[in-house]
Amino acid sequence: MSKRRLSRVALRVASVERDPRPDFKPRVIFVVTLIAAILIAMAAVWEARVILLVLFAGCLGALVLATLTSQLQSWLRIPRIVAFAAVLAALGLAVTLGVWLRGPALAQQLAQLQVDVPNAARRLYSSLGKSSWGQWMISNAPDDIQWSSWLSYAASGIRGAVSMVVTTLACLLLVVMASIYLAAEPEFYRRGMQRILPSPIGPKVEACLRGAIRTLRFWLLSRLISMTAIGLIVSVGLWLLGIPLAGTLGFIAALLTFIPNIGPLASALPAALIAFGISPMKGFLTVGVFCLAHFIEGNLVTPLADRRIVKLPPFLTLSLQLLLAPVAGVLGVALAAPLLAATLGVVRVLIPAKNEPSSRMKIGQTI
């Protein structure tokens, strides 16, 4: 038997030596096919990057609707479909009343703001020559034309930012339908994902998804608290200073607070320009109002509201915003923070912290 086995092995070795590349062609085909599939997938993702971000925004809206529905269902002990219909009816009624009561006035104020901001920029430039420090700034500038062009560019950029807010509100209507469809039947999509994914990795993927949902839920809660606090504090502060369109500027500040790092700076520019156009003292006081509002929100309001509020690393958030800005524009900058929050939720499931032995169990629970 041993001789026969040795002879068979010798025959196989001899056949391999005669054909040193028995599997070379299939392997080359497999590698080429795999590389082509990866390149095609990357190209498809690149072409559909904006659509994918819009779908992610729809997922955020669905998460809000699902959370409200779950809370209402647990409070009233009613079927989920009834709770979901009640949530949609309440939100629709609130939006309708808001548009009916304040919509025309807000639209008129936004239109007036697009006129006031460039005029304030011109008044600010002209008032620089009336003070000693302003004359020093103008004299050290290359020439007056560059100052004028820079202020005109800043005014047009701010005017574009105000228009961007209105456009964003209109684009939110496109996300609403995706949010409603996803929040209406979340179990249907979860079961479909379980059927598609292989059984060995299905539980891990589901745990990662729940971790991302958990982190996003608390991040959205923190953003809602921040937006409300900033909007109220800025509106009241600008009203006390006598700044025109205080309510509209506070509304813009609340909306742009959703975008960390960049949003607070962008929201302060229109108010600061209008205030500096009135007087330098009001300009500095307006800047102080925004600084005070963000200080109160970051150190008093949000920490006292919920201890589980998610705090994203500022450097990572800013880095992702800078990376997504040339890729997807304003939409990428706006959704960079929730994308980072979802990523951190997945990382906490895959790589739990050593000092948090129960973190995996908490994230993996039903949300």
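**View 1. E187, at 40% relative accessibility, counts as partly exposed.** The model shown here, as in the other views, is predicted. The side chain of E187 meets that of R190 in a salt bridge, with 2.6 Å from N to O. Both residues belong to helix α7, and because they are three residues apart there, about one helical turn separates them. R190 is also partly exposed, with a relative accessibility of 27%. Side chains of opposite charge can pair when their charged atoms come close.

**View 2. R190 forms a salt bridge with E206.** The closest N and O atoms of R190 and E206 are 3.1 Å apart. This pair links distant parts of the chain, since R190 sits in helix α7 and E206 in helix α8, 16 residues apart. E206 has a relative accessibility of 14% and so counts as buried, the cut-off being under 20%. R190, at 27%, falls in the partly exposed class.

**View 3. Within helix α8, E206 forms a salt bridge with R210.** Here the closest N and O atoms lie 2.9 Å apart. The two residues are four residues apart in α8, so about one helical turn lies between them. Which class of exposure does R210 fall into? R210 is partly exposed, at 22% relative accessibility, whereas its partner E206 is buried. Taken together, E187, R190, E206 and R210 are linked in a network of salt bridges. The structure holds three salt bridges.

**View 4. The second largest pocket has a volume of about 910 Å³.** Its lining is made up of 27 residues, and those closest to the pocket centre are L63, A66, P186, L209 and I213. Which elements give two or more residues to this lining? They are α3 (49–76), α6 (144–184), α7 (186–196), α8 (202–241) and α12 (314–350). Sorted by class, the lining of this pocket comprises 18 nonpolar, three polar and six charged residues.

**View 5. L63, one of the residues closest to the centre of the second largest pocket, is found in helix α3.** L63 has a relative accessible area of 10% and is therefore buried. Leaving out residues up to four places away in sequence, L63 touches I213, L216, R217 and L220. I213 is also among the residues closest to the centre of that pocket. P186, another residue of that central group, is 123 residues from L63 in sequence. In space, the C-alpha atoms of L63 and P186 are 9.7 Å apart.

**View 6. S179 lies in helix α6.** Is S179 buried or exposed? S179 is buried, and its relative accessible area is 5%. Its contacts, apart from neighbours within four places in sequence, are with A57, G58, G61, A62 and L65. V64 is 115 residues away from S179 in sequence, yet the C-alpha to C-alpha distance between S179 and V64 is 8.7 Å.

**View 7. Helix α9, residues 246–256, is mostly covered.** How many of the 11 residues of α9 are buried? Eight are. The buried positions of α9 are A246, T248, L249, G250, I252, A253, A254 and L256. For the protein chain as a whole, 31% of the 367 residues count as buried.

**View 8. The chain that frames these close-ups has 13 helices and zero strands.** Its pattern along the sequence is α-α-α-α-α-α-α-α-α-α-α-α-α. Among contacts between residues at least 6 apart in sequence, 68% join residues at least 24 apart. The accessible surface of the protein chain comes to about 23200 Å², and carbon and sulfur atoms account for 71% of it.

Key:
Residues are numbered from 1 along each chain as its sequence is written. This is a predicted model: local features need pLDDT of at least 70, side-chain atom pairs count only at pLDDT 80 or more; totals for chains, interfaces and linings use all residues. Side-chain values use heavy atoms; hydrogens and water are left out. Buried means under 20% relative accessible area, exposed over 50%, partly exposed in between (1.4 Å probe, protein chains only). Contact means heavy atoms within 4.5 Å. Accessible areas come from the Shrake-Rupley method with a 1.4 Å probe; for residues, only the protein chains shown count as cover. On a 1 Å grid over the protein atoms alone, a cavity is a set of points where a 1.4 Å probe fits but cannot get out, and a pocket is an open set with protein on both sides within 12 Å along at least five of seven lines; lining residues have an atom within 4 Å of a point. Grid points are joined across faces, edges and corners, and a volume is the space filled by probe spheres set on the points. Ala, Val, Leu, Ile, Met, Phe, Trp, Tyr, Cys and Pro count as nonpolar, Asp, Glu, Lys and Arg as charged, and the others, Gly among them, as polar. A salt bridge is a side-chain nitrogen of Lys or Arg within 4 Å of a carboxyl oxygen of Asp or Glu.
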